[in-house]
Amino acid sequence: MRRSLAFLLLTGIISAGPARAETLNMPVLVPLTGFLSLEGTSQRNGAVLALRGAQPPGVTVATDVVDTGTSPEAAVTALERALGRGTTVAVAASMLGTQMLAMLPLAADYKVPLVTVSGTASITEQGNPWVFRFFPGDAVTKEAHARYVVEELGKRRPAVIYQTTAYGQSGRAHLAERFRALGAEVVYEEGVDPAARDLLPVLSKALAARPDVLVLHLHSGPTALFLRQAAAHGVEVPIVAGSAMHQPSTAALLDPAEMKGVCAETAASPVSGGSPEMDRFTADYRAAFGTEPDAFALGQYDGTRMVLDAIARGARTAEAVRAALADGTHEGLAMTYRSDGTGNMAHSAVIVCYDGTSRVPQVVRRYDALSGSTR
Amino acid sequence: MLALQLLLNGIALGAAYALVALGFVLVLNATGAVNFAQGDLVMAGGILAAALAPLLPVPGLLLLPLVLALMAGLGLLLSLAAYLPLRHRPPVAVFISTIAVGIMLQNGVTVLFGPEPRAAPPLLGGGTLDLAGLVVPEQSLAIVAVAALLIGGQQWVFGRTQLGRRLRATAQDPEMARACGVPVTAMVMATFALAAAYAGAAGLLLANQFFVTPTAGGDLILKAYIAVTIGGWGSVPGAVAGALLIALFEVGVSSVLSYPVALGALYVTLLAILVFRPQGLFGEVARRRA
Amino acid sequence: MPRLLPHVSSPGGVLAVAGAALLAYAALYASPYELRVLTVAGVYALAAIGFQIVFGLAGALSLAQGAFFGIGAYVTGILGSRYGLPFPVTFPLSLLLPFVLAVLVGLPVLRLESHYFALATLGIAQVVLLLAVNLPDLTGGANGLAGVPGIAAFGVEVPRGRPLAAAVWAAVAAGGLLAWWMARGRWGRALTLVRDDPLAAATLGLDVGRLRLAAFTVSALYGGAAGALAVHTQRVVSPEVLEFPVMVSVLTIAIVGGRGRVAGAILGAVLLLHLPEWFRFLEQSYLVVYGAALLLAIVVAPYGLTGVLERLLPPPAAVPVPPRAWAERERPAGTVLCVEGLSKAFGGVRAVDGVTLSLEAGRVTGLIGPNGSGKTTLINLVSGLERPDGGRVVLNGREVTGWRADRLARAGIARTFQTASLPAGTVLDAVTAARLDRDGSIAAAQAHAGHALERVGALHLGPRDGAALPAALRRRVELARALAREPAVLLLDEPAAGLTDDEKADLAARIAAVAAGGVAVLVVEHDMDFLLPLVDRVVCLDGGRVLAQGAPAAVAADPAVIAAYLGDAPS
């Protein structure tokens, strides 16, 4: 925390420094308080790490981090505040779907691109050319999720347990659709409030439906809670969790043994490594923030780097950045990003599994060029 | 067998909720004011325990006294900052001042310790016992034992000791207590310290099995408020019973119906209790004047 | 302080100047961001104005204001984004649905005492939130609904920025004026009495339940309107509008601004919505500072911003209204009130057990008996604060058994209380409250209240704070308040307690004068030297039963009465 504050001061100094360098703004408007503060902080860190890296020549890209809390109202206010200052070429915007939906019309009015890692499907379905999602949407991740369950594990009777939040309900809808398309029968599904403490009731009801796999789509804490209770009760049915499982803070809550055999979908797993660039990102991230990076941080990092690349190639206005994002291709650390025409930049997802000895998962399957469409 | 297992889980959860509600009732009785920061105090206790654990690698049982002491200190600060300056104001002023303290706690914890969910160390061991096919987490037994000990201890202090008599006298009629030579201000501060210590115990216990995030307080204060109202405003046994009832809904009813429906059923039951038995299940000793 | 501009030195003047300055700033200088914060502040101000009515004036801690806000938001959101309905259709419906819900739930829960009412309303809010999250086909679930249209009516669209801010603040101004007008009239005064002393309000003829229900439903209208405007401002609706933080914000605005004040709601909203913005540069820590600032505000200004304003610039004293007598009515002679076999038990204790007595016009009846013999319970039964288990009460030939207190009060029964407490505020206001259901205007009620005070020799107490008066004076004011009811039956519960001998003599003379005007008076009293010369008859209760009744001398000499109550020592 102290480091990031020092960094902020530093950016302040840089941006106020040499007068000949042109200053462009890329504000970071993410939820730092409230129930999504964990994911929002990852987003912030990813964007900040990218902006702290090599700056485009001749330009200073300054940033200003503003908390959007959890309400659409706060997000819109933050956006309006950020856009009133200097030349803003892009905004790193909240991963909370409702906040994105509220910010989109304003972004279109002001003509400024929003770079986000929100998975909520509908944000790229508004016909709004100013949104760019650097994280596979729910349609994509749930395609990988369901295909792994059905095609790789050969399961036909999944039980789906999801969170009664935007994240959970959106994922649940796509899982249901995808399982139907794959010919698997969902034998049980239930929504769980994030405040629920004892998950044994839902676990026992799910098991009573005799599923051959438990498919989770829960936030970080509840995922860990579910796995711990499942382990305590000796549940034999395999568990394939949602992207929250891959967050290192989820694994930190559990004994490695409690995660044995558990798999999860995600866009990427930076801590699992895979390339020297990825290892360097993870090391830099740890050094800068003292925590482990997750896929949200990586996605926001990649997205922010794509914006910086566009600036380096001469983009000096929001419109130029938008054009570069819409038409360009970016070799990111997690995957290759390219817009499908509606702002979906990410079309890959991976499945990671835990071996029961380490909190760092292994990537076992990679899905590329996913369309997210069942048709 | 499943029913027994659920009952066991429900009792453990209810015992933890009872500790949350107990701290709430203590302040309520001593000051007539609703301490809305109680849920955030529980959260702070949990985060504190989780943060202390890596520094002091001892079982939770040995960590507990330290957490209790630190939280009692926080309780004193709370009374100094949010209650004593407002003691002669309408109770709703304290409602707001404790909301303000809750906001500070929740965000202060995020700034200091980060937004990650955390787990506190188990009281004794993190294992489970197998009792005739029943999976009994050691922590569940520990929660029930600690809660019973603290609730029993509180009843003993209030019933049998000079301190307890003074606390009760302060709660019943501060003016009269002061006239009888009871140091009312000190007693009120002691009550806040005690309530915060209970919150610390609840936080430590809950944060092992169920983890803790900086935003956990909001849900807990709601549960405590409901428990205290169901049980009869200000009644200690009522608050314990109310807490158990809530846990029963969360664990029992949700094992039959879905969790959101169980939550809805809890609120509908609450409304029914209020409409048909407005004095709470255990009654409130409040006669009107005239 | 020299009064350069007399009009500006009053709180109202200061507020008007501050409002004009704010308006000028918004119209000329504000950036889109500042306008948006101001717009959102207006939305919250509107919700808080409604909350001031139910919580500030009527004293009911409703935690459903957030739910009304959210329902209004969802009505506009669903109808606007799913069905494309325009503002002139959605806005009234956004008011109607919260209103209907308030009526439906208000009937059962408004009877509840304070914290139970608070929790019941919170429970309702939580159920509504659960429904919004778990009915995705209707509400869009946790994701909510996007694409809500802006405000547009009759071909005119209100774009964001200045026009939207102006529209929202126009609604605040209209709603604020309406609320201010309601608060200062008879309705507002009746609500404050309901808040400060619901029992007294009932005995002064005010229908507490109906007043509370009205306040609750009015607050729902404001909440719904604010919710609708909130959705037009942010263009999406999601469950956050129903979550507890919205309710907490509204409550905080009301308290920090000044409880019960329309100006307080507006000042509070403007301050609280800007406060976090001022600390934005602190990144994550800004809410810690916000919490500290909030704590500081409540400690430094416990009566809110309007309280500070009023202390700095006290409002000019009200011009006293000259007392005016009401037209005395012809009073029937003979038996006014008949009580037959009246009974009431609490648990297993028979507090009143088959009491029969009658009160006659122009006569004073004394009611004596040991403590716990049922005297106060009898008065409570007759005045409607308790419902009898058995027996009959007949008033002027009409059976009134089991009527509510306010109905009995309107039928002509007035009473005082043993504890004689008066609400905070001036003595004149306290007595004026007794005339709210009779007089057509506050001015007339004040004039008549002055007359009532004059009749007990307390006109000079008019401007003083009733709650701060010594007990003896409070009793006198309470008597005036009962007289202001123009009662047919006057029930006095220990009116002479704590008075000096001179004051007792004065009181006896005044009671006698009231009776001489044709009122049937019942006096509960322990002081026999005061009571026996004053009364025409005495009834002695013991263990809830009538031990003896008759002429004062006969009852005082009754051996059973002496054994049970008077004892050997002559009192």
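How many salt bridges are counted between chain B and chain A? The exercises below work through this and two other contacts.

The model is predicted, so local features need pLDDT of at least 70 and side-chain atom pairs count only at pLDDT 80 or more, while totals for chains, interfaces and linings use all residues. Residues are numbered from 1 along each chain as its sequence is written, chains are lettered from A and ligands numbered from 1 in the order in which they are written, and side-chain values use heavy atoms, with hydrogens and water left out.

**Exercise 1. Describe the contact of chain B with chain A, beginning with its salt bridges.**

Step 1. The count between chain B and chain A is one salt bridge; the term stands for a side-chain nitrogen of Lys or Arg within 4 Å of a carboxyl oxygen of Asp or Glu. A:Arg197 and B:Asp219 form a salt bridge, and their closest N and O atoms are 2.8 Å apart.

Step 2. Seven residue pairs are in polar contact between the two chains, both residues at pLDDT 80 or more. A polar contact is a pair of N or O atoms within 3.5 Å; within protein, one must be able to donate a hydrogen and the other to accept it, and residues adjacent in sequence count only if both atoms are side-chain atoms.

Step 3. On the side of chain B that touches chain A, H1(B) gives the largest share, six residues. Helices (H or I, at least four residues) are DSSP runs, numbered from the N terminus. By class, this side has 20 nonpolar, 11 polar and five charged residues. Here Ala, Val, Leu, Ile, Met, Phe, Trp, Tyr, Cys and Pro count as nonpolar, Asp, Glu, Lys and Arg as charged, and the others, Gly among them, as polar.

Step 4. Chain B brings 36 residues to the contact and chain A brings 31, where contact means heavy atoms within 4.5 Å. The area buried between them is about 2,500 Å², with 66% from carbon and sulfur atoms. Buried area is the accessible area (1.4 Å probe) that two parts lose on being put together, summed over both.

**Exercise 2. Describe the contact of chain B with chain C in the same terms.**

Step 1. The contact involves 42 residues of chain B and 49 residues of chain C. About 3,900 Å² is buried between these chains, 75% of it on carbon and sulfur atoms.

Step 2. The rule finds zero salt bridges across this interface. It also finds zero residue pairs in polar contact, with both at pLDDT 80 or more.

Step 3. H4(B) supplies the largest share of the side of chain B that touches chain C, 14 residues. That side divides into 28 nonpolar, nine polar and five charged residues.

**Exercise 3. Locate the two domains of chain A and describe how they meet.**

Step 1. Domain 1 is 22-135 + 274-346 and domain 2 is 139-272 + 350-367; such bounds come from an automatic or database domain assignment. Their C-alpha centres lie 27 Å apart.

Step 2. In chain A, 21 residues of domain 1 are in contact with 17 residues of domain 2. The buried area is about 1,500 Å², and carbon and sulfur atoms give 67% of this area. In domain 1, A:Leu38, A:Phe135 and A:Ala295 lose the most area to domain 2, together 23% of what that side buries.

Step 3. Zero salt bridges are found between domain 1 and domain 2 of chain A, and three residue pairs are in polar contact, both at pLDDT 80 or more. Helices H2 (37-52), H10 (276-289) and H11 (295-312) of chain A each give two or more residues to the side of domain 1 that touches domain 2, and H10(A) gives the most, with four residues.
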